[in-house]
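Trainee: Got a minute? I'd like to go through this one with you.
Mentor: Sure, put it up and ask away.

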Amino acid sequence: MASLSCVLRSGRVTVRDALNQAMDEELERDERVFLLGEEVAQYDGAYKISRGLWKKYGDARIIDTPITEMGFTGIAVGAAMAGLRPICEFMTFNFSMQAIDQVINSAAKTNYMSAGRQSVPIVFRGPNGASAGVGAQHSQCFAAWYGHCPGLKVVSPWSAEDARGLLKAAIRDDNPVVFLENELMYGVPFEMSEESLSKDFTIPFGKAKVERQGTHVTLVTHSRYVSFCLDAAAVLAKEGVECEVVNLRSIRPLDVETIEASVMKTNHLVTVEGGWPQFGVGAEVCARVMEGMMGPHRPPH
């Protein structure tokens, strides 16, 4: 972990290292936390997110599983119900379809139908959405799929700060959390503040972040597509169009207040995501904005 410490001191951190450090700190902080999944231990993870953790915490805390998502996800959910705090890694979220019964019918519905009395403190995490050189079966974005389900919290980080703060919050949360990373963001470095590198740093769920201020149009997005929106905003600024870029960070709960406040200012809204358009995150954002704009505080035009 020495090289990671040097990176952290410099203030420039990749998303991969931010996730790794968040898990390391939470494993150290709480002995109930453990990580399981395919190749997470001796191989250091398919994408090296768990690099160095097996050597530090051993077989009891960092557990390699067979290629059986339904099986190891069920084990993780049962462990959460019994008082442990598992981090269940899917090598890709497309493989969570093998375990979707455990995620929804076991974890989400137990928590929801018991009105929170039966907590299921588990994090389901891994790369989500399209990547380079993969087929359609490995390119799905699950933000809308899991964001649809009561009992789940669903987050979608973009930056290293998002990844670190949201993952630490997810591990500490008493509810099941679906944590949607993006494979193409793992190696991207971001400047991080001293505050965000603190061991106590967390980002609350349901709080979006305005990544760029603007007055003409609101761009609402999440995950890797924040980068695209910021690039588009820079191009449009040269033409006199000032875009406000809203990074959702949290899909469920959704920060409607921040979105509405921005649209009240700009009077225009564009949603950008990597999922399918029908019944997508963008569709929900548009619906919620329209409902809000029909109220007493709607803009003059």
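Trainee: How do the residues of the lining of the second largest cavity divide into nonpolar, polar and charged?
Mentor: First, keep in mind that this is a predicted model. That lining has 5 nonpolar residues, 4 polar and 1 charged.

Trainee: Which residues line the second largest cavity?
Mentor: Val 220, Thr 221 and His 222 are among them. So are Leu 248, Thr 271, Val 272 and Glu 273. Val 281, Gly 282 and Val 285 belong to the lining as well.

Trainee: And which elements give two or more residues to it?
Mentor: Those are β10, β13 and α10.

Trainee: Which one gives the most?
Mentor: α10 does, with 3 residues.

Trainee: What volume does this cavity have?
Mentor: About 40 Å³.

Trainee: How many cavities of 30 Å³ or more are there in the structure?
Mentor: There are 3. The largest has a volume of about 60 Å³.

Trainee: What lines the largest one?
Mentor: Asn 128, Gly 129, Ala 130, Cys 141 and Asn 182 are part of its lining. His 222, Ser 223, Tyr 225 and Gly 274 are part of it too. His 222 also appears in the lining of the second largest cavity.

Trainee: How do the residues lining the largest cavity divide?
Mentor: 3 are nonpolar and 6 are polar. None is charged.

Trainee: Switching to the sheet. What is the strand order?
Mentor: The order is β9-β11-β10-β13. The sheet is open, has 4 strands and shows mixed pairing.

Trainee: Why do β9 and β13 each have one side without a neighbour in the sheet?
Mentor: β9 (209-212) and β13 (269-272) stand at the edges. Each has a single partner strand, so one side is left without a neighbour in the sheet.

Trainee: What about the twist?
Mentor: From one strand to the next, the twist averages 30°.

Trainee: Back to β9. Does it run parallel or antiparallel to β11?
Mentor: Antiparallel. 3 bridges join β9 to β11, which covers residues 243-247.

Trainee: Which residue is the bridge partner of Val 210 in β11?
Mentor: Val 246.

Trainee: Now the helices. Which strands does α9 lie across?
Mentor: α9, residues 256-266, lies across β9, β10, β11 and β13. It runs at about 155° to β10, which spans 217-221.

Trainee: And where does α10 lie?
Mentor: α10 covers residues 281-293 and lies across β10 and β13. Its angle to β13 is about 155°.

Note on methods
Residues numbered from 1 in each chain as written. Predicted model: local features only at pLDDT ≥ 70, side-chain atom pairs only at ≥ 80, totals over all residues. Heavy atoms only, no water. Pairing = 2+ DSSP bridges. Axes fitted to C-alpha atoms, helices over the stretch in contact; angles between N-to-C directions. Contact = heavy atoms within 4.5 Å. 1 Å grid on protein atoms, 1.4 Å probe; cavity = no way out; pocket = protein on both sides within 12 Å on 5 of 7 lines; lining within 4 Å. Points joined across faces, edges and corners; volume = space filled by probe spheres on them. Nonpolar A, V, L, I, M, F, W, Y, C, P; charged D, E, K, R; others polar.
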